[in-house]
Amino acid sequence: MSSQWLSEESHGLIDEARIRSRVRGMWDGFIDFALRDNVLEVAVGLIIASSFTAVVNSMVSDILLPPASLLFLSQNMEEKFLILRAGPNWSQGYNTRQQATDDGAVILSYGAFCYRLVNFVAIGIVLYLIANIYGYLSKDSIIRHTTKCTYCRKEISEKAKRCPMCTSWLDGREEKESTAIPSHSGHV
């Protein structure tokens, strides 16, 4: 009876050791995956990008768009709409888009579209200015100027000496005579 008890106990220890080994292996694999240099760089980059997005959006919506709304002679451009089909309580009129949609009216929200369009352009301008300031201060431009390859017409860096698409040389080497036999004009 004691040998059977030892057998069951040792079998339980073997299973426990196997489970611990598997859990430890999975944990080590997770650590190897999660703490790799490129995964950490991507995580830090995403966190910084999220913060940067919040700053740029705040700059646009809190600093640039309020003066722009004065140019449109409207404080709340997003609330401008056109009634395409009135709801049953239209006789009272609609002050907001929410009132119109709650009443079942069909509206064209041109103000929201214009607001988002101005927001998009303003964010683009702010990002362009930030990229130019960064390029000026660091002497390494974020903005990559491109040109078209004269052979394959693909967009490539204007600093490229060779096209990565068609591998042609862009410095005129291909127009030069490239024969190994020298031309002897006048010799027979």
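Which residues form a nonpolar patch on the surface? The points below answer this and then go through the rest of the model, which is predicted.

1. The patch. Phe113, Leu117, Phe120, Val121, Ile125, Tyr128 and Leu129 make up a nonpolar patch on the surface, and together they have about 760 Å² of accessible area. One of these residues, Val121, sits in helix α4, which covers residues 110–138. Val121 has a relative accessible area of 43% and is partly exposed, because that value falls between the 20% and 50% limits for buried and exposed.

2. Overall make-up. The protein has four helices and four strands. Read from the N terminus, the order of the elements is α-α-β-α-β-α-β-β. Of the 188 residues in the protein, 13% are buried. The accessible surface is about 15400 Å², and carbon and sulfur atoms account for 61% of that surface. Taking contacts between residues at least 6 apart in sequence, 33% join residues at least 24 apart.

3. The annotated spans. In an unreviewed UniProt entry, the annotation "transmembrane region" is given to residues 39–60 and 117–137. How much of residues 39–60 is helix, and how much is strand? The span is 100% helix and 0% strand, with 31 Å between its end C-alpha atoms. Residues 117–137 are likewise 100% helix and 0% strand, and the C-alpha atoms at the two ends of this span are 30 Å apart. The annotation comes from the record and may be inferred rather than shown by experiment; the helix content is computed from the model.

4. The length of α4. Helix α4 has 29 residues, and at 1.5 Å a residue it should span 42 Å. The expected figure is 1.5 Å times one less than the number of residues. The end C-alpha atoms of α4 are 42 Å apart, so the model agrees with the expected span.

5. Buried residues of α4. Which residues in α4 are buried? They are Gly111, Ala112, Asn119, Ala122, Val126, Ala131 and Gly135. Ala112, for one, has a relative accessible area of 4%, which is under the 20% limit and therefore counts as buried.

6. Surroundings of Ala112. Ala112 belongs to helix α4. Apart from neighbours within four places in sequence, Ala112 is in contact with Met77, Glu78, Lys80 and Arg97. The C-alpha atoms of Ala112 and Glu79 are 6.7 Å apart, although 33 residues separate the two along the chain.

7. Salt bridges. How many salt bridges does a search of the whole structure find? The search finds two. One of them joins Asp15 and Arg18, whose closest N and O atoms are 3.8 Å apart. In the other salt bridge, the side chains of Glu16 and Arg20 meet at 3.0 Å, N to O.

8. Spacing of the pairs in α1. Asp15 and Arg18 are three residues apart in helix α1, residues 2–34, so about one helical turn separates them. Glu16 and Arg20 are also in helix α1, four residues apart, which is again about one turn of the helix. An α-helix has 3.6 residues a turn, so residues three or four places apart point the same way.

9. Exposure of the paired residues. Asp15 is partly exposed at 28% relative accessibility, and its partner Arg18 is partly exposed at 45%. In the other pair, Glu16 is partly exposed at 38%. Arg20 has a relative accessible area of 53% and is exposed, because the limit for exposed is over 50%.

10. Positive phi values. Most residues other than glycine have a negative phi. Where does Lys139 take a positive phi? Lys139 does so just after α4, with a value of about 60°. Arg153, also not a glycine, has a positive phi near 65°. Arg153 is placed in the loop between β3 (146–148) and β4 (155–157). Thr167 has a positive phi of about 60° and lies in the segment after β4. Thr167 is partly exposed, with 43% relative accessibility.

Definitions and conventions
Residues are numbered from 1 along each chain as its sequence is written. This is a predicted model: local features need pLDDT of at least 70, side-chain atom pairs count only at pLDDT 80 or more; totals for chains, interfaces and linings use all residues. Side-chain values use heavy atoms; hydrogens and water are left out. Patches are made of residues with over 30% relative accessible area and no salt bridge: like charges are joined within 9 Å, nonpolar side chains (Val, Leu, Ile, Met, Phe, Trp, Tyr) within 5 Å. Accessible areas come from the Shrake-Rupley method with a 1.4 Å probe; for residues, only the protein chains shown count as cover. A salt bridge is a side-chain nitrogen of Lys or Arg within 4 Å of a carboxyl oxygen of Asp or Glu. Buried means under 20% relative accessible area, exposed over 50%, partly exposed in between (1.4 Å probe, protein chains only). Contact means heavy atoms within 4.5 Å.
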